[in-house]
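Please brief me on the structure below. Cover accessibility, salt bridges, one helix and the empty space.

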Amino acid sequence: MNTDFMVTNDIRYVGVNDHDIDLFEGQYLVPNGMAYNSYLIMDEKIAVMDTVDIRKKEDFLTNLENALNGNVPDFLVISHIEPDHASSIGAFLEKYPSAKLVGNAKTFQMLALYFDIDPKQTLTVKDGETLSLGRHELQFILTPMVHWPEVMFTYDCLDKVLFSADAFGKFGALDAPEDWTCEARRYYFNIVGKFGMMVQTVLKKAAALDIQAICPLHGPILKENLEFYLNKYQIWSSYQPESEGVFIAYASLHGNTAHAAQKLGELLLAKGCPKAAISDLARDDMAEALEDAFRYGKVVLAASSYNAGVMPFMEDFLHHLKAKNYQNRTIALIENGSWAPSANKAMADILSQMKDITILSQQVTIRGAVKAEDISALETLADELVK
């Protein structure tokens, strides 16, 4: 996709696609790359909205120079100082030393961790304050912990565009032919998911604005059916189930627990469950497993016992859920242990540290291979789950 395009008559996209990256934030698989978004607002005064990861600074500066067409920016608005957006600020200032950096007090406290900035080059704004570019008036909306403490949104009152920092973003470059929802969901729960209460506060602020377009720092510009995207964020940030069905996550030592998980999936579908999503925690993308755990209201955890506890892949998964503020779900437990089954207790102990988790009393214990009586127990569990 050509990354040189107009968002509105005065707002141009000057960001870049990154197809060289394999792991975003050093941990999330991004087979379709990433987009680092930056925007240019042309008016009597010229504002650049954020920079990009230093990996792509040359492409960004070229895009910006071409879009400026000989003009010089007056302001660089900093929505978020995480390095995938702010690590090119130094390069920007070298090229445009007369530009002022616009941010809030926390922005400049944290920016000092990365750059030596002359305070005379900064303009500190507070929540609700505005900056006039001429016809365009920018209103600043502080959005702390969505998902860093210094984050702020900017609302262009003329074109009714919300520059939303990392909110409403997704994995994937802009030329990736993929559905927004799946990669936005995986992005949200793995990166923003812990901070649902803060996102709810931001959604209330956004509800007071007439928004015609959302310009995030990752992923596509959103212009059509904005209610759809806002509704997704309402569901996700309130920790409500999104889809009907059951998610089964398993960690299997010798394949027998995997067999049980697959069999339960078959039983659920046979009994009318609309979806049985299954993940092998040892082999599948952990970030996608976490996404599905939040997507569905009912989850089955199936694991082999290990060292008087539970398989490390399952233990790791549960700690990921806890770290992301997992809550408000119904959980069923399946364990396997030839001589001392311990997985169910180990899983329940970790789940007990989470909020509003209901563990079904119908638990399954398998000893070794899956036998007829185990299938009968799985069938009873399936009945309970499809109620």
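**Asp20 and its partner**

Asp20 is exposed, with a relative accessible area of 59%. Here exposed means over 50% relative accessible area, buried under 20%, and partly exposed in between, with a 1.4 Å probe and protein chains only. This is a predicted model, where local features need pLDDT of at least 70, side-chain atom pairs count only at pLDDT 80 or more, and totals for chains, interfaces and linings use all residues. Residues are numbered from 1 along each chain as its sequence is written, and side-chain values use heavy atoms, with hydrogens and water left out.

**Salt bridges**

- A salt bridge is a side-chain nitrogen of Lys or Arg within 4 Å of a carboxyl oxygen of Asp or Glu.
- The count by this rule is 19 salt bridges.
- Asp20 pairs with Lys56 in one salt bridge, with the closest N and O atoms 2.8 Å apart.
- That pair links distant parts of the chain, 36 residues apart: Asp20 sits in the loop between strand 3 (16-18) and strand 4 (23-24), and Lys56 in the loop between strand 8 (47-49) and helix 1 (57-68).
- Helices (H or I, at least four residues) and strands (E, at least two) are DSSP runs, numbered from the N terminus.
- Lys56 is buried, at a relative accessible area of 13%.
- Lys205 and Asp127 form a salt bridge, their closest N and O atoms being 3.6 Å apart.
- Lys205 lies in helix 6 (residues 196-207) and Asp127 in the loop between strand 11 (122-124) and strand 12 (130-132), so this pair ties together parts 78 residues apart in sequence.
- Lys205 is partly exposed at 30% relative accessibility, and Asp127 is partly exposed at 42%.
- Lys387 and Glu384 also meet through their side chains in a salt bridge, at 3.1 Å from N to O.
- Lys387 is exposed at 72% relative accessibility, whereas Glu384 is partly exposed at 29%.
- A network of salt bridges links Arg185, Lys232, Glu242 and Glu291.

**Helix 7**

- Helix 7 (residues 226-237) has 12 residues.
- From first C-alpha to last, helix 7 reaches 17 Å, close to the 16 Å expected at 1.5 Å a residue.
- The expected span is 1.5 Å times one less than the number of residues in the helix.
- Lys232, a member of the salt-bridge network, is one of the buried residues of helix 7.
- The other buried residues of helix 7 are Leu226, Tyr229, Tyr233, Ile235, Trp236 and Ser237.
- These buried residues pack against helix 5 (180-192), helix 6 and strand 16 (213-215), with contact meaning heavy atoms within 4.5 Å.
- Tyr239, just after helix 7, takes a positive phi of about 60°.

**Cavity**

- Rolling a probe the size of a water molecule over the atoms shows where empty space is left.
- On a 1 Å grid over the protein atoms alone, a cavity is a set of points where a 1.4 Å probe fits but cannot get out; a pocket is an open set with protein on both sides within 12 Å along at least five of seven lines; lining residues have an atom within 4 Å of a point.
- Grid points are joined across faces, edges and corners, and a volume is the space filled by probe spheres set on the points.
- The count is 1 cavity of 30 Å³ or more.
- The largest cavity has a volume of about 40 Å³.
- Its lining consists of Tyr39, Met49, Asp50, Ser79, Phe163, Ser164, Ala165, Cys215, Pro216 and Leu217.
- By class, that lining has 7 nonpolar, 2 polar and 1 charged residues.
- Ala, Val, Leu, Ile, Met, Phe, Trp, Tyr, Cys and Pro count as nonpolar, Asp, Glu, Lys and Arg as charged, and the others, Gly among them, as polar.

**Pocket**

- The largest pocket has a volume of about 310 Å³.
- Its lining has 16 residues, of which Leu253, Ser305, Gly337, Ser338 and Trp339 lie nearest the centre.
- Helix 8 (256-270) and strand 19 (296-306) are the elements that give two or more residues to this lining.
- Strand 19 gives the most, with 3 residues.
- The lining of the largest pocket divides into 5 nonpolar, 11 polar and no charged residues.

**Two alanines**

- Ala206 is found in helix 6 and is buried, at 12% relative accessible area.
- Ala112 sits in the loop between helix 4 (105-111) and strand 11, and is partly exposed at 49% relative accessibility.
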